[in-house]
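Q: I'm new to reading protein structures, and I'd love a close look at one part of this one. Could you take me through its charged pairs?

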Amino acid sequence: MAAWTPAAVESSSCCTPLIELSAEAAPVAWHALWTRSHCEQLVYDQLFRQGHRTFLPMVNRWLLRRGERQLVREPMFPGYLFARLAMDKHAYLDVIRIRGVVRVLGDRWDRLATIPDEDTTRKAAAKAVFKHA
């Protein structure tokens, strides 16, 4: 039996052609992540430790607890945070496996909702979250 070589495979008529994978890297973009209730900071910390750029807008809010007013910091968009990622299938699966993440907003892993760089302000972030929620 002849030894296997790439040239032998390419010239063989019985083999199906190899699918050529694109060497292009996935574009880096801002993505909205839906998290479990009260897990925004947990997801933020995990993504930050992995070296990803993240955005978790926080607001101060006065609450009445035990008869006392307290100033509490909480997420502006409860249940959501934003991450700047190059989202190919491998990166998508890594993000989904992070403790506290429910999903990345969008239709499928290859059709995710993105937020333009100049629109990571409060208004644009709100529009992106509530459009795809």
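Is Glu-74 buried, partly exposed or exposed, and what is its relative accessible area?

A: Happy to help! Please keep in mind that this is a predicted model. Glu-74 has a relative accessible area of 22%, so Glu-74 counts as partly exposed: buried would mean under 20%.

Now look at the partner of Glu-74. The side chain of Glu-74 meets that of Arg-61 in a salt bridge, with 2.9 Å from N to O. Arg-61 is partly exposed too, at 43% relative accessibility. Why is this pair worth a look? Arg-61 belongs to strand β3 (residues 58-65) and Glu-74 to strand β4 (residues 68-75), so the salt bridge ties together parts that are 13 residues apart in sequence. As a general idea, side chains of opposite charge can pair when their charged atoms come close.

A search of the whole structure finds 3 salt bridges, so let's visit the others. Asp-110 pairs with Arg-108, and their closest N and O atoms are 2.9 Å apart. Here Asp-110 is partly exposed at 43%, and Arg-108 is partly exposed at 44%. Asp-94 forms a salt bridge with Arg-97, where the closest N and O atoms are 3.9 Å apart. Asp-94 is partly exposed at 33% relative accessibility, while Arg-97 counts as exposed at 63%.

For some contrast, turn to the nonpolar residues. The largest nonpolar core has 15 residues, among them Leu-33, Val-43 and Leu-81. Elements giving two or more residues to this core include α2 (40-49) and β5 (80-86).

Key
Residues numbered from 1 in each chain as written. Predicted model: local features only at pLDDT ≥ 70, side-chain atom pairs only at ≥ 80, totals over all residues. Heavy atoms only, no water. Core = buried A, V, L, I, M, F, W, Y, C linked by side-chain atoms within 4.5 Å. Buried < 20%, exposed > 50% of the residue type's maximum accessible area, 1.4 Å probe, protein only. Helix = DSSP H or I, 4+ residues; strand = E, 2+ residues; numbered from the N terminus. Salt bridge = Lys/Arg side-chain N within 4 Å of Asp/Glu carboxyl O.
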